[in-house]
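Grab a pencil and work through these short exercises on the chain shown below. Each one comes with a worked solution.

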Amino acid sequence: MKYQKQALLGLFGMGLIASPWLSKLPAQFQTYNTATTIQQSEELERIKAEERAATSEKINELGVSPSFSKLRMQDYLDTPKRNPRPNTTGYLEDELVFVYDSTGRCIGRIEERQWKWKYRFRGACNDSPPM
């Protein structure tokens, strides 16, 4: 009881000295959480890239070409002035692939390894499924 005021005053002083350090703790927690989240997302992307590479190697070993019926052209908007001319070498003779621009609008199709643009071949997009 005799030294209670002095002890409380000492604890209060220690609290004042430690307050700048204690006020920075929430920001440090947020920084740590952000760094952990970024690290986890990078790890996930690395795993996805490894799995894609393994799948690609397996497809190349087996000699099987992937089949799909839709192709989206990145960075191309539908216009009659510019023909996008997609690469048709990777498709089979009996494949029919509908080609869409970056907004999801049909711009033509690849049929029998030939590019058929809707502005040159009428009816190229008549029976195209929605993107």
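**Exercise 1: Surface and burial**

Work out what the chain shows on its outside, and how much of it counts as buried.

Solution. Start with the surface: about 10,500 Å² of the chain is exposed, and 57% of that comes from carbon and sulfur atoms. Keep in mind that you're looking at a predicted model. Next, burial: a residue counts as buried under 20% relative accessible area. By that cut-off, 19% of the 131 residues are buried.

**Exercise 2: Layout and spread**

List the elements in order, then decide whether the chain is spread out or a compact globule.

Solution. Count first: the chain has 1 helix and 4 strands. Reading from the N terminus, the order is α-β-β-β-β. Now for the spread: the radius of gyration is 31 Å, while the globule rule gives 14 Å for 131 residues, so the chain is more spread out than a compact globule. The box around the C-alpha atoms, taken along the principal axes, is roughly 100 × 40 × 20 Å. As for contacts with a separation of 6 or more, 51% are between residues 24 or more positions apart.

**Exercise 3: A look at Met 14**

Place Met 14 in its element, decide whether it is buried or exposed, and find its patch partners.

Solution. Met 14 sits in helix α1, which covers residues 4–62. Exposed means over 50% relative accessible area. Met 14 is at 57%, so it counts as exposed. Its partners are Leu 8 and Leu 11: the three form a nonpolar surface patch, together holding about 340 Å² of accessible area.

Methods: Residues are numbered from 1 along each chain as its sequence is written. This is a predicted model: local features need pLDDT of at least 70, side-chain atom pairs count only at pLDDT 80 or more; totals for chains, interfaces and linings use all residues. Side-chain values use heavy atoms; hydrogens and water are left out. Patches are made of residues with over 30% relative accessible area and no salt bridge: like charges are joined within 9 Å, nonpolar side chains (Val, Leu, Ile, Met, Phe, Trp, Tyr) within 5 Å. Accessible areas come from the Shrake-Rupley method with a 1.4 Å probe; for residues, only the protein chains shown count as cover. A salt bridge is a side-chain nitrogen of Lys or Arg within 4 Å of a carboxyl oxygen of Asp or Glu. Helices (H or I, at least four residues) and strands (E, at least two) are DSSP runs, numbered from the N terminus. Buried means under 20% relative accessible area, exposed over 50%, partly exposed in between (1.4 Å probe, protein chains only). The radius of gyration is taken over C-alpha atoms; the globule rule is 2.2 Å times the number of residues to the power 0.38. Contact means heavy atoms within 4.5 Å.
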